[in-house]
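Thank you all for coming. Please have a look at the sequence and the model first, and then I will talk through one helix and the contact between the two chains.

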There are 2 protein chains.
Amino acid sequence: MSGKPTIALDAMGGAHAPGMVLRGADMAVQRHPGLRFLVFGDEPVLRPLLAKFPRLAAVSDLHHTAERVLDDDKPSVALRSGRQSSMRLAIDAVAEGLADGVVSAGNTGALMAMAKFVLKTLPGIDRPAIASFFPTRRGESVMLDLGANVECDADNLVQFALLGDAFARSVLGLIEPTVGLLNVGAEDQKGNDAVRAASLRLRNPLSPIRFHGFIEGDDIPAGTVDVVVTDGFTGNVAVKTAEGTAKLFTEFMASAFRYSLSARIGYLFARHALRKLRMRLDPRRYNGAVFLGLRGIAVKSHGSTDALGFANAIGVAVDMCVNGFLDRLRVDLERLDAAAAAPQAAAL
Amino acid sequence: MSGKPTIALDAMGGAHAPGMVLRGADMAVQRHPGLRFLVFGDEPVLRPLLAKFPRLAAVSDLHHTAERVLDDDKPSVALRSGRQSSMRLAIDAVAEGLADGVVSAGNTGALMAMAKFVLKTLPGIDRPAIASFFPTRRGESVMLDLGANVECDADNLVQFALLGDAFARSVLGLIEPTVGLLNVGAEDQKGNDAVRAASLRLRNPLSPIRFHGFIEGDDIPAGTVDVVVTDGFTGNVAVKTAEGTAKLFTEFMASAFRYSLSARIGYLFARHALRKLRMRLDPRRYNGAVFLGLRGIAVKSHGSTDALGFANAIGVAVDMCVNGFLDRLRVDLERLDAAAAAPQAAAL
């Protein structure tokens, strides 16, 4: 991958598309000079909008299609009848080597189904996973799977560990991220068969992963590890529970500051510091769920995000391209194969 | 159950036992006049302590045993060799009808194993579950299972729904609690086989449960339903993730108030309101995980709780006794059986 990636954009996906998509892409151009875009969508709508962003227009090729995937389209329907949709054409551009990655704020299920069908999974990976990063006490961590695979066996979990490790190195810039397996306790005998078997394999001294061991739910926000590995059912529930709890806390705090005149005065004095706190937890900073395990880079922005959030999602795709996510992963997969084949691993 | 329950106390369980246990029991006597206790533990230690709480001493019978279950005892070991432990004797008192419920802050695994062995599960319940309640936007909700059963089938989940429903009516005083099944999406086809099959059965119009349908992780803190039903793996991760996120948020807020002189002044003005916020979220208010599905009432207090937390755990046991938890549950179990046997349910 050269230093200047080209990103394919589904300009029609997301609640505030296409305006939010173009505005976000324009912010991304400012942050990442040299970035180029292939923009897929309805040209009569996009052309006048793009004219408002001359910096973006100068680095974008517009590809017209009148079709788009709707938010309530079933993945199977989108896959069958959406071959000319803006989402599909953007993914095709990655498969054809015209773009280095694709970003869409459209229908998650359709994007996953199309990306899997068009890009295919990498050799050594049985099923792709959805990953995202989130704020912790220590900074930021990565978690996967967040819902692509409701049921997972030990092989899936070990592969997720590899995917998360390569992602944390590419996007968080960590040299040797620690990886933890989410469980209901830290002891060896805890959990179900899948996590116990995956743990045994990740403890293999030849494994390319720096494996911390089992972690529990409270280790996620504590940032005990850089990469949290779990099945898609548990991961989806955990990430939504954390988001909901943060939201509840914010609401409780806002109502506390309305509680009395004294509290309102207190808020006036503290508001600058509290704004910094809100920025630290701003969900737009953590926008961009990534589909890992495919032969290409595909990032899903939250459907209701604004331009800033979309620019951050593009930033994730750019980091993965520039920092060689796919190459790092291929090396890890080979090392894992070698570890499994080594004589001392045979007993595991 | 008459209006004045007798609670068996494991006086030796918990980091701050036995002082915390007796102080907590004394608070509970003040809150629930007429309450009586059977106190199990080391008499030479307990007798002089009890003398400091004359109100408690007047309603307590002390039963000496020098043995106790340690925090790192394996459940199987505690079960085999702890027959004269304060924990076991307190549970035995419930089985023998001498007490209406048992409260312990000791080893969770040992307490569950002993309670299951001594009290047995109720007819119609295959496996007991651990339940607790927690703060939400709307007030308080109940969640189960929190870790007793790492893998659950549809029968288990349906039974947990019944247990949670009876618990919410007894302890939260709700007339017709709403019950939700935790999943990765609200649509019928989402999730694994167990949640889909359980959902079909709970939708049976003859079922005694007011079933809301599937809920997601963010519905837990939002308080979308009064009772959250899930398997022990997901429930354990979700509750610990929520606790950890709340803790992280509190720390971030504390550091925001230290950020500048202005923020410190703001804190001084707002501190009364912020103290109310902390009280609203005080984990001691939500102390007491309950073992549901047994032929008796067993409440596990957090091991590191203080007297106030222990008094609240006793309060949960008292509410369950006074409000006829076991009787409500028996009625529900019969109605569920009838619903499953009804002709219109045969197709499900």
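What span should the 18 residues of helix H7 of chain B have, at 1.5 Å a residue? Before I answer, note that this is a predicted model, in which local features need pLDDT of at least 70 and side-chain atom pairs count only at pLDDT 80 or more, while totals for chains, interfaces and linings use all residues. Residues are numbered from 1 along each chain as its sequence is written, and chains are lettered from A and ligands numbered from 1 in the order in which they are written.

For H7(B), residues 154-171, the expected span is 26 Å, and the end C-alpha atoms are 25 Å apart, which agrees; the expectation is 1.5 Å times one less than the number of residues. Of its 18 residues, 16 are buried, so H7(B) is largely enclosed by the rest of the structure, where buried means that 20 or more other C-beta atoms, placed from the backbone, lie within 10 Å of the residue's own. After this helix comes B:Gly173, with a positive phi near 70°.

Turning to the pair of chains, chain A is superposed on chain B by a rotation of 179° with 0.0 Å of shift along its axis, at an RMSD of 0.1 Å, using least squares on the C-alpha atoms of residues with pLDDT of at least 70 in both. The two copies are thus related as by a two-fold rotation axis.

Between them, 50 residues of chain A are in contact with 50 residues of chain B, contact meaning C-beta atoms, placed from the backbone, within 7 Å. H10(A) gives the most to this side of chain A, with 21 residues.

Note on methods
Two residues are in contact if their C-beta atoms, placed from the backbone, lie within 7 Å. Helices (H or I, at least four residues) and strands (E, at least two) are DSSP runs, numbered from the N terminus. A residue is buried if 20 or more other C-beta atoms lie within 10 Å of its own, exposed if 12 or fewer, and partly exposed in between; C-beta atoms are placed from the backbone.
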